[in-house]
Amino acid sequence: MDSEWLRRRFTGAHPIEAVHDDGSPSGSGLRPAAVLVPVVAREQALTVLLTRRTDHLHHHPGQISFPGGRVEATDVSPVMTALRETEEEIGLEPDHIELLGELPEYRTGTGFRITPVVGLVHPPFDLTLDSFEVAEAFEVPLSHFLDPGRHQKHRMEYQGRMREYYAMPYGDYFIWGATAGILVSLYRFLDGAR
């Protein structure tokens, strides 16, 4: 797997089945958001750049996430939201990002509908983390997420209902919820594009 392999997968892309939190609300009342799914073109292998949110945040404190956030009135598209939020949160400038495409919207039980924007990130680059929002940034080999044997399903009670969610632990990092669900969408897309 290299950059060219990934580009070819997004050429002539076909629709894939969306992945959602089990029991997530449908549609209109959800707040629109967008994230960048940053796949880094390292010489050795493709990696995925992730962040760990700070512990004091109101939404999803301490969780592993993609850079991104709510759509603002000035954002003309989910792509613009993802790029703006990525630069604000981790200092990754858009000129390092080659946009490849979007994955299906991901709806969360916490009230968001997220558009995942996949981008190929070209090193070298320096990150400047927003210390209010981001505790750390780290990379995980893309191959880890493309191994279906690592896709775990868990259950928990949330607001009086049992919910199922994906998890893909990596070392000391517990990657779960929307982030893992979006990674499952990426896996399904790349697997179906073979």
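Two strands pair if DSSP finds at least two bridges between them. The legends below use that rule on a predicted model.

**View 1. The whole protein chain, with its four helices and ten strands.** The order of elements from the N terminus is α-β-β-β-β-α-β-β-β-β-α-β-β-α. The chain has 194 residues, and 46% of them are buried. Its exposed surface is about 9500 Å², with 48% supplied by carbon and sulfur atoms. Take the contacts between residues at least 6 apart in sequence: 66% of these join residues at least 24 apart.

**View 2. Strand E1, residues 31–41.** This strand is mostly covered. Of its eleven residues, nine are buried. In a regular strand, side chains alternate between the two faces of the sheet.

**View 3. E1 beside strand E4, residues 68–70.** Three bridges link the two strands, which run antiparallel. Ala34 has Gly69 as its bridge partner in E4. Three bridges satisfy the pairing rule, which asks for at least two.

**View 4. E1 beside strand E7, residues 112–121.** Here the strands run parallel. Ten bridges join them. Arg31 is matched with Phe112, its bridge partner in E7.

**View 5. E1 and strand E2, residues 46–53.** The pairing is antiparallel and spans three bridges. Val39 stands opposite Val48 of E2. A hairpin of four residues connects E1 to E2.

Methods
Residues numbered from 1 in each chain as written. Predicted model: local features only at pLDDT ≥ 70, side-chain atom pairs only at ≥ 80, totals over all residues. Heavy atoms only, no water. Buried < 20%, exposed > 50% of the residue type's maximum accessible area, 1.4 Å probe, protein only. Contact = heavy atoms within 4.5 Å. Areas by Shrake-Rupley, 256 points an atom, 1.4 Å probe, with all protein chains shown as cover.
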